[in-house]
Amino acid sequence: MNSFRGFVTKEFKQIYRDKRTLVVLFGMPVIMMVLFGFAIRNEIDGAQIGILDLSKDEVTRTITQKLEASKSFQVRVYLENYDEVEGLFRQGDIKEIVVFEPGFQEKLVRKNVANIQIITDATDPNLANLVQSYTSNVVRDYVQILNREAQVQQAGIQPQVRMMYNPELRSVNLFVPGLIAVILMLVSALMTSISITREKEMGNMEILLVSPLKPYHIIIGKVLPYMVLSVVNVITILVLAEFVFHVPFEGSYLFFFLESGLFIMTALALGVFISSASNNQQTAMMVSLAGLLLPTVLLSGFIFPVASMPLPLQWISHIIPAKWFLIIVRDIMLKGSDLMLVWKETLVLLVMTLGFIGLSLKKFKVRLQ
Amino acid sequence: MSELAIQTENLTRKFGEFTAVDNISFDVKQGEIFGFLGANGAGKTTAMKMLTGLLNPTSGSATVSGSDVYTQAETIKKNIGYMSQKFSLYDDLTAEENIQFYGGIYGISDQDLSPKIDEVLESVSLGSVRKQLVRSLPLGWKQKLAFSIAILHQPKIVFLDEPTGGVDPVTRRQFWEKIYQVSDRGITVFVTTHYMDEAEYCDRISIMVDGRIDALGTPGELKESFSSDSIENVFIKLARSATRGDG
Amino acid sequence: MRIIRFLLRKEFLQIFRNKAMLPILFVMPVIQLLVLSFAATYELKEVDFALLDMDQSRVSRELAAKFQSTGYFNLQAETFDRNKAMEWLDARRVSLIIIVPPDFEEDLTNGREAPVQLIIDAVDGSTAGLIQSYSASILNDLNAEKQLELKIKSADPAVVQVKTINLIPQNWYNPDLDYITFMVPGILVVLVSMIGLFLSGMNIVREQEIGTIEQLNVTPIRKYQFMVGKLLPFWIIGMFDLLVGLALARYGFHIPFLGNLATILVVAGIFLVVIQSLGLLISTMTNTQQQAMFIAWFIMVVFILLGGLFTPIESMPGWAQNITLANPVAYFIKIMRMVLLKGAGWQEIQVMVYTLIGMGSVLLMVSINRYKKTTG
């Protein structure tokens, strides 16, 4: 027990002394939260647009004013003719041109229908969609006011939309669980695998193996500091999420930490497994980055919905632990789910964890032979 | 003055509060085999790094092969060879490729390079493993290879930092034979070691204790002044008063 | 010059002998390109929905059919129990609940308001937004059809007088709003950046850790020769990967290539130097590979997130948009898209290129300065 305690102390000391890595390890969740809370969004803020008013009447001016007043847009250019569009788009800053057809007001009064052309720079389809939908919101508001003034009831099918779990459609609510998963993967899997392979590379592993420490002592000792670090990171993210960004937390904290604990185990087991298969740090790092972190960020549903991916990728996402964890955490945080709703996903994580631990043990035994 | 390969005066190196090398002054004559002895932690490697232009002194002066260590570090590097404690060969390159690389770096021309490689491999009897990765060579062979690379470009002085660490006495002996050969060619050999028996092989030696040079002279002179029959005993007498070292 | 040749030969020998590295340098970027391009999309593929049809009329059945006929919406289950439907939503069995109230058809045919409730799982705001707009447009279409039928049947003035403004979208450069066209150039940038940043920086730190750097410091090698010897191999590999990526983009993904390939390559070369210099700078500030990698990773993540790859820069608040002015990745992504997808030329990109050159010069100079063969 003494040798184990000594070993763990050494591990903690080594990590603590590496100030640069520590700064990154603690600073990263904070910075990521800030970025995801404020900067990485699918909402628009001051997108630059241009207006081509071929009618120049009262109605078009009103609508133009509404666009100018909107925080989402910055009206940069007032075009005189159609030819200018290409140059503006090529130059890169303008994302949309709103074109009012000639005789707009007249058409609206006489025929009750008028057309606005929305030309978007669709090199970024996401942005184009957003810009279009924000523009159509402005126009729709105007139309409603117009019809209300004419006291015409909106006949016909009226969709009444209710957004559940995330009524304001805040991106940050989606990202925070993913952020937790990514950070945990980074700290628990990547750092652990590098730490163990470093010992191997430096030749210290053999010394450890012939010491009174048992192999599983060594593993646990290596893994413990990162486990602690992970928990600290999770708490940091949660605190920031709740108090700074007002991300809802509908469910039980205890349950959340239990599930997080499970996922940390999964990540640690993965880290150990990678280290058992790598000889040097560079390999461990590259495998962790390419085989673990990147897929976690891309295929787990962190930013892009799994349901939008082509089928083969959806299948691959099934073997990415983070994907299951994301479902669990999002359900807990936004829906207040309990084990009843996420038992399937929890089971998957459990099986994965045990699987990786088993594989690592086997590899370790072989090595000792 | 051109007789002196190395000249130092009150050479000092501090790391914050800690004085690693404490006002050492000594000379090394051209063509000598100079043994720089001391316990681990006495400051040998630090002193050597200052002489090879890897570390700037805190104070004091030193010239190596006539060049000042403060202002002419790059000139010094042209005239010296160096073999570090870790041997610093590229593990993932073959013996041949290592020689080729360093040869090119030291400016050996393309025509001279190929025969030179053969020559070097011959001289250390590594011809049969020329195409083997250094990683797979036994320690003693790596040592020979590193040494031959250190003298590849006919430097005036060659610095050897604990070159015989970790090998058996027979291999050590063989290595010292190589050092003699090199010295016969007129190259000055500056070697640090903590093997006291190797001190007997040197023309003159110095013993560092706690950053200072506490003894300087031929092995015979030292044994006499300290009334000892071996350099080892001289060292033990000096080291008794040391405050730094292993432990 | 000769010396650089020897340095290069050593580096390439080491790179190609490292069996573990080879797939990472050459295979991984390709795989990442493929995976990323297909994964990074918000497109709606299929939405499972539950139907609460309280009306059970001809029109309500038409509504359900219309949703399904789009191919996007998939009727998972039907029920009359609202709570049950909510449970399904909670359990993620459906993402959408459509509730048709009891007097739907009647309200509609009598020219009154005929509401339809859409309850959407909004955990993913973007998807929810898309579901909303698709649904709204389906309902809109249905409404238009019905209004037309009504107009033919009766001439109720109230129905006729509603004013509408039609929004006609025109999507330039990417009429199908194809995500891949948008993502691939950006992804290429990311791949190249990763090789440039990680491998260059780590390489130097690796030599530091092993100790061979000392052996080099003691030779008459000049600093700039050492740097070039370290940067050039990975620059070459990075450019090579980029070319492969571009070929894939062109012939595999059929990305438009409106602009000049040479322009791209020149900018890419400059960009790689910028990124590598950053890696170099990091290596002069760290002692271990672990540290170097970690710091590099952190910086790369921030660059990518703020680079406009996943979410538009226009979505960011002012202060964040200002930060992107110092982000070389953002510039290169923008240039790539402008040149490849819009055919932009030197005219349009020159300011950005000059900025990149400026960044690279500063970073390079600082790194070279910091790197000391002789420690103080």
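**Exercise 1. Decide how the radius of gyration of chain A relates to that of a compact globule of 369 residues.**

Solution. The structure is a predicted model. Step 1: a compact globule of 369 residues would have a radius of gyration near 21 Å. Step 2: the value for chain A is 28 Å. Step 3: the dimensions may be set beside this value; along the principal axes, the C-alpha atoms of chain A fill a box of roughly 95 × 45 × 40 Å. Step 4: the secondary structure of chain A consists of 14 helices and five strands. Step 5: of its 369 residues, 46% count as buried. Step 6: when contacts in chain A between residues at least 6 apart in sequence are taken, 79% join residues at least 24 apart.

**Exercise 2. Carry out the corresponding description for chain C, beginning with its helices and strands.**

Solution. Step 1: chain C has 15 helices and five strands. Step 2: its radius of gyration is 29 Å, whereas the globule rule gives 21 Å for 376 residues; chain C is therefore more spread out than a compact globule. Step 3: the C-alpha trace of chain C spans about 95 × 45 × 40 Å along its principal axes. Step 4: 47% of the 376 residues of chain C count as buried. Step 5: among contacts in chain C between residues at least 6 apart in sequence, 80% join residues at least 24 apart. Step 6: the domain assignment of chain C gives domain 1, with residues 2-40 + 177-370, and domain 2, with residues 47-160. The C-alpha centres of these two domains of chain C lie 49 Å apart.

**Exercise 3. Describe the side of chain A that touches chain C: which element gives the largest share, and how do the residues divide into nonpolar, polar and charged?**

Solution. Step 1: count the residues in contact; 92 residues of chain A meet 95 residues of chain C. Step 2: list the contributors. The elements of chain A that give two or more residues to this side include α2 (19-39), β4 (113-121), α6 (125-149), β5 (156-164) and α7 (171-202). Step 3: α6(A) provides the largest share, 12 residues. Step 4: the residues on this side of chain A divide into 51 nonpolar, 27 polar and 14 charged.

**Exercise 4. Describe the contact between chain C and chain B, and state which element gives the most to the side of chain C.**

Solution. Step 1: the contact takes 20 residues from chain C and 21 residues from chain B. Step 2: on the side of chain C, the elements that give two or more residues are α1 (2-17) and α9 (212-217). Step 3: α1(C) gives the most, with seven residues. Step 4: the residues on this side of chain C divide into six nonpolar, 10 polar and four charged.

**Exercise 5. Establish the strand order of the open sheet that contains β5(A), and explain why one side of each edge strand is left without a neighbour.**

Solution. Step 1: the open sheet has five strands in the order β5(A)-β4(C)-β3(C)-β1(C)-β2(C), and its pairing is mixed. Step 2: β5(A) and β2(C) stand at the edges; each has a single partner strand, so one side of each has no neighbour in the sheet. Step 3: from one strand to the next, the twist averages 30°. Step 4: examine the pair that joins the two chains. β5(A) and β4(C) run parallel and are joined by nine bridges; within this pair, Q158(A) has P115(C) as its bridge partner. Step 5: examine a pair inside chain C. β3(C) and β4(C) run antiparallel and are joined by four bridges, and the bridge partner of L96(C) in β4(C) is I120(C).

**Exercise 6. Determine which strands are crossed by helices α3(C) and α4(C).**

Solution. Step 1: α3(C), residues 58-69, lies across β1, β2 and β3 of chain C and runs at about 135° to β2(C). Step 2: α4(C), residues 82-90, lies across β5 of chain A together with β1, β2, β3 and β4 of chain C. Step 3: α4(C) runs at about 175° to β1(C).

**Exercise 7. Classify Y195(B) as buried, partly exposed or exposed.**

Solution. Step 1: locate the residue; Y195(B) is in the loop between β8 (188-193) and β9 (204-209) of chain B. Step 2: count its surroundings; 16 other C-beta atoms lie within 10 Å of Y195(B). Step 3: apply the cut-offs; a residue with 20 or more such atoms is buried and one with 12 or fewer is exposed. Step 4: Y195(B) is therefore partly exposed. Step 5: as a further detail, Y195(B) and M48(B) are 147 residues apart in sequence and 17 Å apart in space, C-alpha to C-alpha.

Terms used
Residues are numbered from 1 along each chain as its sequence is written. Chains are lettered from A and ligands numbered from 1 in the order in which they are written. This is a predicted model: local features need pLDDT of at least 70, side-chain atom pairs count only at pLDDT 80 or more; totals for chains, interfaces and linings use all residues. Two residues are in contact if their C-beta atoms, placed from the backbone, lie within 7 Å. Ala, Val, Leu, Ile, Met, Phe, Trp, Tyr, Cys and Pro count as nonpolar, Asp, Glu, Lys and Arg as charged, and the others, Gly among them, as polar. The radius of gyration is taken over C-alpha atoms; the globule rule is 2.2 Å times the number of residues to the power 0.38. Two strands pair if DSSP finds at least two bridges between them. Axes are lines fitted to C-alpha atoms, for helices over the stretch in contact, and angles run from 0 to 180 degrees between N-to-C directions. Domain bounds come from an automatic or database domain assignment.
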